[in-house]
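Dear colleague,

I am handing over the structure below, and I would be glad if you looked through it before reading my notes.

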Amino acid sequence: MALTASAIPGYVTGTWTVDPTHSEVSFSVRHLAISKVKGKFEQFDATLVTAENPLDTTLEASIDVSSINTNQPQRDQHLATGDFFLTEEHPHMTFRSTGIREDGDDMLIDGELSLRGVTKNVTLKTEFGGVTTDGYGQTKLGAEATTKIDRTEFGVNWNAALEAGGFTLGNDVTINLDVQFVLQAA
């Protein structure tokens with residue numbers, strides 16, 4: 001099915017801002033080669049501008065990397081250092097879309113992800129949840145998206161060798177977005 005405004009029930013053009021109380025930005029990375037460490041960012045912002053042609057829609061997002069929460073304060077403090085995010089010099093991770101396309105049943109959002117002063121092209125595999133009106137009369141749009149990055153391509157190189165072989169951390173980091181946007185008054 002082609003991604004057109006008429007094919008999306010409730011589709012509306014306009015500017016949307018993220019609803020942080022109904023949204024989550026999380027990640028996971030392989031740890032000790034046997035499991036995954038997961039965490040989330042508590043502070044983030046995003047603006048979605050839907051266009052007449054949904055494929056012309058744009059997305060910009062900013063994540064405060066110092067708001068990381070892995071449920072272990074010492075690890076979170078380490079992640080803020082130069083070994084990982086270097087938050088003093090690079091307090092935000094940003095994403096700016098460069099295009100939206102369809103690939104079979106998948107909606108893909110291409111864009112530029114910037115982290116630690118390095119910008120790389122990434123693709124968000126996106127599942128559109130729909131558009132509805134909440135109990136307060138606000139028009140809401142929901143979506144989930146995921147991408148995988150190689151942290152070393154962004155200068156996040158810290159690791160430690162394990163006695164049994166391998167390393168403490170994997171290089172691939174999966175980033176998951178589960179977001180609701182609120183349509184702003186025109």
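The notes that follow go from the overall build to the core and then to one residue.

Please bear in mind that this is a predicted model, in which local features need pLDDT of at least 70 and side-chain atom pairs count only at pLDDT 80 or more, while totals for chains, interfaces and linings use all residues. Residues are numbered from 1 along each chain as its sequence is written, and side-chain values use heavy atoms, with hydrogens and water left out.

The protein has one helix and eleven strands, taken as DSSP runs numbered from the N terminus (H or I, at least four residues, for helices; E, at least two, for strands), and their order from the N terminus is β-β-β-β-β-β-α-β-β-β-β-β. Of its 186 residues, 39% are buried, meaning under 20% relative accessible area with a 1.4 Å probe and protein chains only.

The largest nonpolar core (buried Ala, Val, Leu, Ile, Met, Phe, Trp, Tyr and Cys residues joined through side-chain atoms within 4.5 Å) holds 36 residues, among which Phe 41, Leu 113 and Phe 181 touch the most other members. Its largest share, five residues, comes from strand 11 (residues 169-183).

Ser 97, in strand 7 (residues 92-103), counts as buried because its relative accessibility is 8%. Beyond its neighbours within four places in sequence, Ser 97 is in contact (heavy atoms within 4.5 Å) with residues including Thr 57, Leu 59 and Ile 109. The C-alpha atoms of Ser 97 and Ile 109 are 6.6 Å apart, although twelve residues separate them along the chain.

With best regards

Technical notes: Buried < 20%, exposed > 50% of the residue type's maximum accessible area, 1.4 Å probe, protein only.
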